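Dear colleague,

I am handing over the structure we spoke about, and you will find it just below. After it I have set out what was found, taken region by region.

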Amino acid sequence: MLKSFRYLFLPLSFFYGIIIWIRNKLFDKNYLKSSSFNFPIICVGNLAVGGTGKTPMVEYLLRFLKNDYATATISRGYKRKTKGYGLANENTTTLDIGDEPMQFHLKFPDVSVAVGEERLEAIPQLLHDRPKTQVIILDDAFQHRQVNAGLNILLTDYTNLYTRDFLLPAGDLRDIKKSAARAQIIIVTKCKHNLSKEERDLIVQELKPASHQQVFFTEILYNNPYHLFTKKEALISHSEDILLVCGIANPKPLNDFLTAHVQTYDMLRYPDHHIFDSGDLAEIKKEFNKITCSNKIILTTEKDGVRLKKFENELKELPVYVLPIQHSFMFNGAKIFSDTVREFIESFDNCR
């Protein structure tokens with residue numbers, strides 16, 4: 001639903017929609033070229049700006065594919081200080097490749113992690129650098145039509161389905177709703193835990209999937225937090241006071257989780273992909289020291305944790321913990337989803 005003031009931008013959304021429609025038609029009619037690869041390429045994306053859970057979905061795929069296939073991922077590398085194609089190595093920093101690719105690199109050291117604004121150029125460069133690669137996952141590339149991925153996974157937030165949204169700037173959509181037809185898999189993310197089969201069926205009816213499309217539903221699972229530097233796990237106690245340091249697009253699910261599990265918490269909120277500086281560090285320490293309870297911790301997300309690591313000398317003595325999340329498929333959809341992905345990969349000769 002639109003916030004009242006955003007109705008003022010509907011005329012701009014109309015003109016934006018015309019531009020996107022023309023662009024898509026040019027690709028559909030081959031006036032603008034899409035390139036296909038005889039190679040398994042999986043695209044994870046959405047129609048909207050903001051957090052629909054793309055990063056944990058890429059991680060979900062990496063987690064179950066990396067043991068059976070030589071797996072790689074390519075991201076844009078948002079807010080990195082470099083340009084063009086880059087392949088992560090042991091000396092790579094967040095400033096080199098961006099926070100989300102760095103998160104993949106740290107969590108999955110056996111996965112090839114590359115960045116590149118132009119995926120069409122990055123794919124062959126990655127295959128040249130890692131010739132044994134068997135599958136590539138494109139992160140946040142659904143709108144990049146220069147590459148025609150073999151398997152498109154489209155995510156939409158349960159609380160803001162693309163069917164109920166509007167184009168920018170009145171709404172959050174960066175692509176027209178009809179573009180959802182390009183996806184083979186649609187996943188409704190961040191669902192409430194007690195989502196009923198009846199509501200699930202109503203959402204499926206609203207999405208109106210085509211015969212070639214499968215619809216899945218996931219909820220967010222929060223795992224035990226771990227110390228940012230020592231990696232030691234801990235449990236969140238109801239008696240703890242928490243300072244939440246958060247720079248993600250949609251913190252509401254995290255807020256809901258903490259509200260249900262702790263008595264009180266304070267939050268320092270920063271813009272999505274915020275690059276922390278010494279002023280932010282001083283603010284974090286100041287707010288943490290204001291908490292009078294002796295049982296207190298600083299809690300942050302994995303993406304924020306990657307960007308805070310550079311302050312290890314300043315933060316290593318503080319109880320800074322990271323709260324990891326992952327998708328959990330509902331209605332027994334996990335096996336069907338994984339089988340679908342594997343069948344797609346196995347349809348290529350290089351993966352049999």
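Lys 190 is buried, with a relative accessible area of 14%, which is under the 20% cut-off. Please bear in mind throughout that this is a predicted model. Lys 190 lies in the loop between S7 and H6, and its phi is positive, at about 60°, although the residue is not a glycine. A second residue of this kind is Asn 30, whose phi is near 65°; Asn 30 sits in the loop between helix H1 (10-28) and S1 and, at 47% relative accessibility, counts as partly exposed. As background, most residues other than glycine have a negative phi, and most peptide bonds are trans. With that in mind, please also look at the peptide bond from Leu 168 to Pro 169, which is cis, with omega near 0°; Pro 169 belongs to the loop between strand S6 (151-157) and S7.

Lys 190 also appears among the contacts of Ile 220, which, leaving aside neighbours within four places in sequence, include Pro 253, Ile 325 and Gln 326 as well. Ile 220 is part of strand S8, and its C-alpha atom is separated by 6.2 Å from that of Ser 328, although the two residues are 108 residues apart along the chain.

Turning to the interior, the largest nonpolar core has 36 residues, and those with the most contacts inside it are Ile 74, Ile 136, Leu 138, Tyr 162, Val 188 and Phe 217. At least two residues of this core come from each of several elements, including strand S1 (41-46), strand S2 (71-75), helix H5 (119-129) and strand S8 (214-222), and the largest share, 3 residues, is that of H5. Apart from this core lies another, of 34 residues, among them Ala 88, Phe 108, Leu 151 and Ile 153. Tyr 162, when its neighbours within four places in sequence are left aside, is in contact with Leu 47, Leu 154, Thr 156, Leu 173, Lys 177, Ala 180, Ile 186 and Leu 207.

Helix H8 (residues 278-290) deserves a paragraph to itself. At 1.5 Å a residue, its 13 residues should span 18 Å, and the end C-alpha atoms are 19 Å apart, which agrees. Asp 280, Leu 281, Ile 284 and Phe 288 of H8 are buried, and, seen down the helix axis, the buried residues fall within an arc of 105°, so they line one face of the helix. That buried side packs against strand S10 (241-246), strand S11 (264-269), strand S12 (296-301), helix H9 (302-308) and helix H10 (312-315), whereas the face turned away from it carries the exposed residues Ser 278, Lys 286, Asn 289 and Lys 290. At the start of H8, a side-chain oxygen of Asp 277 reaches to within 3.0 Å of the backbone nitrogen of Gly 279.

Thr 94, in helix H3 (residues 94-97), counts as buried at 19% relative accessibility. The side chain of Thr 94 reaches the backbone oxygen of Val 306 at 3.5 Å, and, not counting residues up to four places away in sequence, Thr 94 touches Asp 99, Met 102, Val 306 and Arg 307.

As for the cysteines, the count of disulfides comes to 0; Cys 246 is buried, at 0% relative accessibility, while Cys 293 is partly exposed, at 24%.

With best wishes

Definitions and conventions: Residues are numbered from 1 along each chain as its sequence is written. This is a predicted model: local features need pLDDT of at least 70, side-chain atom pairs count only at pLDDT 80 or more; totals for chains, interfaces and linings use all residues. Side-chain values use heavy atoms; hydrogens and water are left out. A nonpolar core is a set of buried Ala, Val, Leu, Ile, Met, Phe, Trp, Tyr and Cys residues joined through side-chain atoms within 4.5 Å. Buried means under 20% relative accessible area, exposed over 50%, partly exposed in between (1.4 Å probe, protein chains only). Helices (H or I, at least four residues) and strands (E, at least two) are DSSP runs, numbered from the N terminus. Contact means heavy atoms within 4.5 Å. The expected span of a helix is 1.5 Å times one less than its number of residues. The arc is that of the directions from the helix axis to the C-beta atoms. A polar contact is a pair of N or O atoms within 3.5 Å; within protein, one must be able to donate a hydrogen and the other to accept it, and residues adjacent in sequence count only if both atoms are side-chain atoms. A disulfide is a pair of cysteine sulfur atoms within 2.5 Å.
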